[in-house]
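Biologist: Please take a close look at a single part of this model, the largest pocket. What does its lining have by class? Then follow the walls outward and tell me how the surrounding parts are arranged.

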Amino acid sequence: METKLTLVVALFIHAGREAEFEQFETRASTIMRRYGGAIERRIGIADATGDENPHEVHVVTFPDEQSYQRYRADAELSALAELRSRAIRKTTIWRGQELAAFQ
């Protein structure tokens, strides 16, 4: 049985490229939804200046690994590579798993 895939994604953008970042993320999230994916949480980092801190952290989910791989292989997403590279300088992805809440 496949389980939901949860990703925690830190996005580091090029300074002054917020508009391109918003454009890329809007288009990518539309493509993501075709495969059952969603940005469940989008958290802006208060001190995102400099190289150390990301601009945003996302919690992203997909129904399963195969859905995620189909999203990554999507031709329309690949066509956004130039826009992505103009906006995003670094991405760090961690695979996570849902845990029970503390009581």
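Modeller: First, the classes. Ala, Val, Leu, Ile, Met, Phe, Trp, Tyr, Cys and Pro count as nonpolar; Asp, Glu, Lys and Arg count as charged; the others, Gly among them, count as polar. On that scheme, the lining of the largest pocket has 14 nonpolar residues, 3 polar and 3 charged. Keep in mind that this is a predicted model.

Now the pocket itself. About 370 Å³ of space lies in it. Its lining comes to 20 residues. Which of them lie nearest the centre of the pocket? They are Phe 24, Tyr 71, Arg 72, Leu 77 and Arg 84.

Next, the elements behind those residues. Strands S1, S3 and S4 each give two or more residues to the lining. So much for the strands; among the helices, H1 (18-34), H2, H3 (75-78) and H4 (81-87) also give two or more. Which element gives the most? Helix H1 does, with 4 residues.

Stay with H1 for a moment. Glu 20 lies in this helix. Is Glu 20 buried or exposed? Its relative accessible area is 18%. The cut-off for buried is under 20%, so Glu 20 counts as buried. Leaving out residues up to four places away in sequence, Glu 20 touches Leu 83, Arg 86 and Ala 87.

Helix H2 comes next. H2 covers residues 65-72 and lies across S1, S3 and S4. Against S4, H2 runs at about 165°. Ser 67 has its place in H2. This serine is buried, with a relative accessible area of just 4%. Its contacts, leaving aside neighbours within four places in sequence, are Tyr 35 and Phe 62. Phe 62 also stands in S3, opposite Leu 5.

That brings us to the sheet. It is an open sheet of 4 strands, in the order S2-S3-S1-S4, and the pairing is antiparallel. Which strands sit at the edges? S2 (38-44) and S4 (88-96) do, and each pairs on one side only. From one strand to the next, the twist averages 20°.

In general terms, strands of a sheet pair through backbone hydrogen bonds, either parallel or antiparallel. Here is how the pairing counts up, starting from S1, which spans residues 5-13. On one side, 8 bridges join S1 to S4. Two partner pairs show the register. Ala 10 has Thr 92 of S4 as its bridge partner. Leu 11 has Thr 91 of S4. With S3, S1 shares 7 bridges, and these two strands also run antiparallel. Thr 6 stands opposite Thr 61 in S3. Further out, 6 bridges join S2 to S3, again antiparallel. Arg 41 stands opposite Val 59 in S3 on this seam.

How covered are these strands? S1 is mostly covered, with 8 of its 9 residues buried. S3 (56-62) is mostly covered as well. In S3, 6 of the 7 residues are buried. As a general point, side chains in a regular strand alternate between the two faces of the sheet.

Now the edge strand that also lines the pocket, S4. Arg 89 has its place in S4. Is Arg 89 buried or partly exposed? It is partly exposed, with a relative accessible area of 33%. How far apart are the C-alpha atoms of Arg 89 and Phe 12? They are 77 residues apart along the chain, yet separated by 5.8 Å.

Last, the segment after S4. Ala 100 has its place there. What is its relative accessible area? The value is 72%, which is over the 50% cut-off, so Ala 100 counts as exposed. Set Ala 100 against Tyr 68: the two are 32 residues apart in sequence, and 24 Å apart in space from C-alpha to C-alpha.

To put the pocket back together: its lining has 14 nonpolar residues, H1 gives the most, and strands S1, S3 and S4 contribute beside the helices.

Terms used
Residues numbered from 1 in each chain as written. Predicted model: local features only at pLDDT ≥ 70, side-chain atom pairs only at ≥ 80, totals over all residues. Heavy atoms only, no water. Pairing = 2+ DSSP bridges. Axes fitted to C-alpha atoms, helices over the stretch in contact; angles between N-to-C directions. Contact = heavy atoms within 4.5 Å. 1 Å grid on protein atoms, 1.4 Å probe; cavity = no way out; pocket = protein on both sides within 12 Å on 5 of 7 lines; lining within 4 Å. Points joined across faces, edges and corners; volume = space filled by probe spheres on them. Buried < 20%, exposed > 50% of the residue type's maximum accessible area, 1.4 Å probe, protein only.
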